[in-house]
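Trainee: I'm new to this one. Could you walk me through it with a few questions and answers?

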Amino acid sequence: MTITDLPQTAATDTPVSRAPTAVSDTPEVVSETQKRNPIKPKRDGMMTALSLAAAVGGTLVGVIGFAMSYETLAKVALTWGFSKGLAPWFPVGVDASILAFLALDLYLIRKDTPWPLLRMAAHTMTGATVWFNASSQGSIQADPVQAASHGIMPVLFVIGVEAARKLFIKKAQLEAGTHADRIPLHRWILSPFATPRFYRRMRLYGVTSYPEMIRRQQDLIAYEQWLKRKYKGNLSKASEDERLPMKMAAYGYTVAQALAMPEQQEREAEARAEEAERRRLDAETRQELARRQAEADRLEAEGKLESVRARVEGETGQARAHARAQVSAAERAAELEEVALETTVIAEARAREAEADRKTAQERQARAAADLEAAELERQAAEKRKEAKEADRVAVTEAQAIETEAIAKARKAAAEDDRAAAETELAAAETRRRAAEADRLAAQEVERKATADANTQAARKREADTEYAAAETRLAAAEIDRRAAEIEDEAKLTSRQRAVRRVARMGLAAGLVPDGLPLDGIHRRLNDLVSIADVQRETAVSSTDTASKYRTEAAELLASGYRPEQ
């Protein structure tokens with residue numbers, strides 16, 4: 001071996017324990033073949049026989065001891081005041097408590113959760129049993145041999161249980177890999193000062209194998225000697241990395257682990273630096289993402305703001321257009337009112353003309369009736385004159401029978417002329433009568449037309465009055481709407497609030513008087529006066545549900561005291 005070579009470690013056949021978990025992270029490699037075919041320890045016939053003999057013997061000792069204890073304690077219980085019924089149960093309770101505590105202690109050890117209190121309780125009850133059995137024959141000082149014979153059997157049973165307990169603990173430690181070798185007694189004797197430090201390192205750093213700890217110490221001594229040879233006995237010339245095994249041995253590190261520590265720390269430092277760089281890059285990436293997300297949120301917020309601004313401007317424009325439309329409607333209503341007023345004046349003039357025509361027709365009818373009556377009287381007079389002339393003619397004929405034929409013919413001709421004249425006069429009178437009758441009928445027709453015209457003019461007047469009243473109502477409603485629109489513009493109400501107030505004004509214009517009515521009454525009255533179709537038409541909505549909600553909210557608004565004129 002050259003001076004620069006590392007020293008050879010202990011023999012390879014030296015048994016070792018597991019490396020300390022604090023300084024070694026190399027996992028134990030177990031092949032799949034070993035997992036599928038684990039090595040089973042061979043059974044030793046001698047050990048099996050010994051185990052069987054120990055179990056049978058221990059059981060027999062326990063049974064005999066408990067039987068003897070039962071008889072003794074049962075008798076003692078009677079002398080201590082127990083009744084005959086309870087005295088046999090006293091030894092059962094004492095011995096059963098010993099068995100229960102010991103069995104539970106062994107079970108908890110098997111489950112790797114020991115509880116020392118159970119063992120102490122079992123030993124306490126065993127001591128009590130020994131004392132009860134020893135003192136049952138009288139004074140212990142008077143006959144110690146007899147007292148010992150009564151108390152020895154429970155002690156033997158507890159010794160057997162303690163042996164089983166030690167076996168269980170040993171087996172559990174071997175299965176868990178936590179069994180620690182004991183330092184031989186001769187080492188404590190031969191090296192009384194170094195052995196305590198040796199023991200401290202084993203316990204502090206989890207070295208359970210005594211040969212392993214010996215090997216580590218030998219490696220450290222060999223390495224130190226090699227280092228002295230390398231630097232000719234001056235260890236101060238060695239570097240810090242080379243002196244690490246001597247420094248770290250007190251902390252449970254082996255020579256190999258201490259020498260590998262700088263490289264391992266450098267790798268860990270590099271890994272930490274890489275992790276820090278990765279975290280820095282991740283932080284920068286998150287910051288960039290956060291910045292872009294903030295930019296996106298800002299743009300989205302600006303878009304929403306523009307949308308809200310456009311919506312508000314649209315609603316404001318709509319409200320202004322609605323107000324302008326209401327003002328235009330009011331102006332149109334005023335114009336219509338003026339036209340209706342003019343129509344009313346014209347209708348009154350026409351009614352007066354029709355009344356004058358009717359009176360003229362009545363006068364004409366009266367004159368025609370008078371003319372008809374005069375013609376009738378004239379006809380009657382003509383008939384009477386004709387009769388008188390006919391009587392005169394007969395009288396003359398009778399009186400002048402003697403007259404000559406010529407004179408008779410002349411008189412006859414004259415009479416004929418008179419008769420013809422009378423007939424002509426009669427026909428003229430009849431013609432005048434018929435003309436008068438025609439004038440009367442014409443007067444009646446004129447009067448009927450005048451009456452019809454008067455009725456028509458009266459109806460037109462009433463219609464004009466109705467239109468005038470409606471125009472006044474519309475004008476007042478338009479004025480109210482105009483003032484309400486101005487108030488709503490000043491209050492910067494939303495389109496929904498404007499629509500609700502519009503529906504409320506519709507109800508008031510339709511005759512709703514909300515004063516003194518409860519909310520239900522106002523709602524029912526508003527439903528009767530304003531239909532859903534009216535709400536849809538006035539508020540320009542297509543949804544019946546929205547119109548119904550507008551009407552309900554309008555009823556609530558009226559119930560809360562809303563009046564557009566206030």
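Trainee: Which residues form the negative surface patch?

Mentor: Keep in mind as we go that this is a predicted model. Asp and Glu count as negative, so those are the residue types to look for. The patch is made up of Asp241, Glu266, Glu270 and Glu274.

Trainee: Let's stay with Asp241. Is Asp241 buried, partly exposed or exposed?

Mentor: Asp241 sits in the loop between helix H8 (210–230) and helix H9 (244–248). Its relative accessible area is 44%. Buried means under 20% and exposed means over 50%, so Asp241 falls in between: partly exposed.

Trainee: Which residue in the loop between H8 and H9 has a positive phi without being a glycine?

Mentor: Look along the loop between H8 and H9 again. The residue there is exposed, at 76% relative accessibility. Its phi is near 60°, and the residue is Lys232.

Trainee: Where is Ala540, and what is its phi?

Mentor: Ala540 belongs to the loop between helix H14 (532–539) and helix H15 (544–559). With a relative accessible area of 66%, Ala540 is exposed. Although Ala540 is not a glycine, its phi is positive, at about 60°.

Trainee: On to charged pairs. How many salt bridges does a search of the whole structure find?

Mentor: Side chains of opposite charge can pair when their charged atoms come close. Here a pair counts when the nitrogen and the oxygen are within 4 Å. Searching the whole structure on that basis gives 27.

Trainee: Which residue does Glu240 meet in a salt bridge?

Mentor: Glu240 is partly exposed, at 45% relative accessibility. Its partner is partly exposed too, with a relative accessible area of 42%. The N to O distance is 2.7 Å, and the partner is Lys247.

Trainee: What is the N to O distance between Glu288 and Arg291?

Mentor: Both residues lie in helix H10 (residues 255–399), 3 residues apart, about one turn of the helix. Glu288 is partly exposed at 27% relative accessibility, and Arg291 is partly exposed at 48%. Their side chains meet in a salt bridge, N to O, at 2.3 Å.

Trainee: How many residues apart in sequence are the parts that Arg563 and Asp515 tie together?

Mentor: The side chains of Arg563 and Asp515 meet in a salt bridge of 2.5 Å, N to O. Arg563 lies in the segment after H15, while Asp515 is in the loop between helix H12 (495–509) and helix H13 (519–529), so the pair ties together parts whose separation in sequence is 48 residues.

Trainee: Which of Arg563 and Asp515 is buried, and which is exposed?

Mentor: The cut-offs are under 20% for buried and over 50% for exposed. Asp515 has a relative accessible area of 54%, so it is exposed. At 12%, the buried partner is Arg563.

Trainee: Which residues do salt bridges join into one network?

Mentor: The thing to look for is salt bridges that share partners. Followed that way, the network consists of Glu212, Arg215, Arg216 and Asp219.

Trainee: Last one: which helix gives the most to the largest nonpolar core?

Mentor: In soluble globular proteins, nonpolar side chains tend to be buried together. The largest nonpolar core here has 18 residues, and those with the most contacts inside it are Leu526, Val535, Tyr550, Ala554 and Leu558. H12, H13 and H15 each supply at least two of the core's residues. The helix that gives the most, with 6 residues, is H15.

Terms used
Residues are numbered from 1 along each chain as its sequence is written. This is a predicted model: local features need pLDDT of at least 70, side-chain atom pairs count only at pLDDT 80 or more; totals for chains, interfaces and linings use all residues. Side-chain values use heavy atoms; hydrogens and water are left out. Patches are made of residues with over 30% relative accessible area and no salt bridge: like charges are joined within 9 Å, nonpolar side chains (Val, Leu, Ile, Met, Phe, Trp, Tyr) within 5 Å. Accessible areas come from the Shrake-Rupley method with a 1.4 Å probe; for residues, only the protein chains shown count as cover. The place of a charge is taken as NZ of Lys, CZ of Arg, CG of Asp or CD of Glu. Helices (H or I, at least four residues) and strands (E, at least two) are DSSP runs, numbered from the N terminus. Buried means under 20% relative accessible area, exposed over 50%, partly exposed in between (1.4 Å probe, protein chains only). A nonpolar core is a set of buried Ala, Val, Leu, Ile, Met, Phe, Trp, Tyr and Cys residues joined through side-chain atoms within 4.5 Å.
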